[in-house]
Amino acid sequence: MAAPVTVYGPMISPAVARVAACLLEKDVPFQVEPVDMSKGEHKSPSFLKLQPFGQVPAFKDSLTTVFESRAICRYICDQYADSGNKTLMGRKEDGAVGHAAIEKWIEVEGQSFNPPSLAMAFQLAFAPFMGRATDMAVVEQNEAKLVKVLDVYEQWLGENQYFAGDEFSLADLVHMPNTDLLVRKTNKAGLFTERKNLARWWDEVSVRPSWKKVVELQNPASTDVARVLTCLFEKDLEFELVRIDTFKREHKLPEFIKLRDPNGQVTFKHGDKTLIDSRAICRYICTQFPEGKKSLYGMGSLERASIEQWLQAEAQNFSPPSSALVFHLAFAPHLNIPQDNAVIAENEKKLQQVLNVYDEILAKNEYLAGDEFTLADLSHLPNSHYIVSSERGRKLFTGRKNVARWYDQISKRETWKQVVKMQMEHPGAFE
């Protein structure tokens, strides 16, 4: 049975994350209905009935529809007062005074904290992935504004455990999405962690189960992690994926392999060996462990040389334009970020040139490095998967007979299907 509450929009949108955290705190079952902004779904007549400005999130339950994340949160606290965290909008015995204490900080967040923190997050966390240069003038201007706000917060939190007193409330919750972006996704974490009271507050609120669940659900899957996982599955190795489960294979390593992604980068550990580049990790796995598919990295120097030339082509020629397209076609719509058609067109042209070469090679060979699936093919899977998942990007592959046949073959491998399934079931481990 479908949950009676629906939130429209992607979890990786800070505003959607705000609503999701509130619902989780209130222990209200809900479902998330994706809104594909790349297809203009946010401007469709049906969505505009929910949100007349064509923005996310929108909220619907059996009684009404609401838009604007803070208004939605207030409604949730009122309508579902007897569920979950009953003090999110204050204790009944505190009456109007307690309610006002929370409301004033919600207003402060919306008017003073949100504008500069969101502007910084966009420039530092999102712009680089969109192929745009970070506008440091905008960063510095908004950092100056944010510092003034945080100085007030630091003093206040020196006298209070939370914004509205001694209990976690909606006043704290509304601050969490933007704070999380700046702390985890930018080099400006020190704005919070180097202020004693703010650091203490963030340490407390960010480990709440509701927020940990939001973080697990909201992050787009890392193509680097997917690349390494596919290699591990092809090699039939046992490994531990931190934040998911322990995956066991018949052939066990003397020690666990650990993959971690604390800063958007995959980290591989095996004994005293630590690697952080996904392609280097895959090469290491293939040379270090003979288990599984032995031909993944070639059986001799000639085969390996052929594979290496395509690994280099993927990293230098295929990855840059395809990564830009992955962001704009697959991730930007879910971040409520307008697509940059000029950047998309520029990188489409670059990728078309690469795929034209691939199509000629694949007319002669079943796979890039010959007649067997190898690391040369595997390395292309993550970005190709996201590009093909978009209608516009799919044509780049389906419009080339041999590239289409090749991608159809490699994307049906059981190892890749297992990785895709994991991405859907445990998205937090791929952030």
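**Exercise 1. Place Ser-13 in this predicted model, and decide whether Ser-13 is buried or exposed.**

Solution.
Step 1: take the accessibility. Ser-13 has a relative accessible area of 2%. Buried means under 20%, so Ser-13 is buried.
Step 2: find the element. Ser-13 sits in the loop that runs between strand 1 (6-8) and helix 1.
Step 3: look across the sequence. Pro-177 is 164 residues from Ser-13 along the chain, yet their C-alpha atoms are 8.6 Å apart in space.

**Exercise 2. Describe helix 1: what is its span, and how many of its residues are buried?**

Solution.
Step 1: count and span. Helix 1 has twelve residues. From first C-alpha to last it reaches 16 Å. That is close to the 16 Å expected at 1.5 Å a residue.
Step 2: check the cover. Eleven of the twelve residues are buried, so helix 1 is mostly covered. The buried set includes Pro-14, Arg-18, Cys-22 and Glu-25.
Step 3: look just past the end. Asp-27 follows just after helix 1 and takes a positive phi of about 55 degrees.

**Exercise 3. Work out what surrounds Lys-26 and which side chain of opposite charge is nearest.**

Solution.
Step 1: locate the residue. Lys-26 lies in the loop from helix 1 (14-25) to strand 2 (31-33).
Step 2: test for a salt bridge. The nearest side chain of opposite charge is that of Asp-82, 7.2 Å away. A salt bridge needs the nitrogen within 4 Å of a carboxyl oxygen. Lys-26 has no salt bridge, yet is buried.
Step 3: find a polar partner. The Lys-26 side chain reaches the backbone oxygen of Ser-83 at 2.9 Å.
Step 4: list contacts beyond four places in sequence. Among them are Ile-76, Cys-77, Tyr-80, Ser-83, Asn-85 and Leu-88.

**Exercise 4. Count the disulfides, then examine Cys-73 and Cys-77.**

Solution.
Step 1: apply the cut-off. A disulfide needs two cysteine sulfur atoms within 2.5 Å. The count is zero.
Step 2: take Cys-73. Its nearest cysteine sulfur belongs to Cys-22, 4.1 Å away, and Cys-73 is in no disulfide. Cys-73 is buried, because its relative accessible area is 0%.
Step 3: take Cys-77. Here too the nearest cysteine sulfur is that of Cys-22, at 4.1 Å, and Cys-77 is in no disulfide. With a relative accessible area of 7%, Cys-77 is buried.

**Exercise 5. Say where Val-35 is found, and how far Gln-55 is from Val-35.**

Solution.
Step 1: Val-35 is in the loop between strand 2 and helix 2 (45-48).
Step 2: its relative accessible area is 5%, so Val-35 is buried.
Step 3: Gln-55 is 20 residues from Val-35 in sequence. C-alpha to C-alpha, the two are 9.6 Å apart.

**Exercise 6. Which residues does Ser-322 touch, leaving out those up to four places away in sequence?**

Solution.
Step 1: Ser-322 belongs to helix 13 (residues 301-331).
Step 2: Ser-322 counts as buried because its relative accessibility is 0%.
Step 3: its side chain reaches the backbone oxygen of Ser-319 at 3.1 Å.
Step 4: the residues touched are Leu-351, Asn-383 and Ile-387.

**Exercise 7. Summarise the chain: how many helices and strands, and what share of residues is buried?**

Solution.
Step 1: the protein chain has 19 helices and nine strands.
Step 2: of its 431 residues, 55% are buried.
Step 3: consider contacts between residues at least 6 apart in sequence. Of these, 66% join residues at least 24 apart.

Conventions. Residues numbered from 1 in each chain as written. Predicted model: local features only at pLDDT ≥ 70, side-chain atom pairs only at ≥ 80, totals over all residues. Heavy atoms only, no water. Buried < 20%, exposed > 50% of the residue type's maximum accessible area, 1.4 Å probe, protein only. Helix = DSSP H or I, 4+ residues; strand = E, 2+ residues; numbered from the N terminus. Lys, Arg positive; Asp, Glu negative; His and termini not counted. Polar contact = N/O pair within 3.5 Å; in protein donor to acceptor, adjacent residues only side chain to side chain. Contact = heavy atoms within 4.5 Å. Expected span 1.5 Å × (residues − 1).
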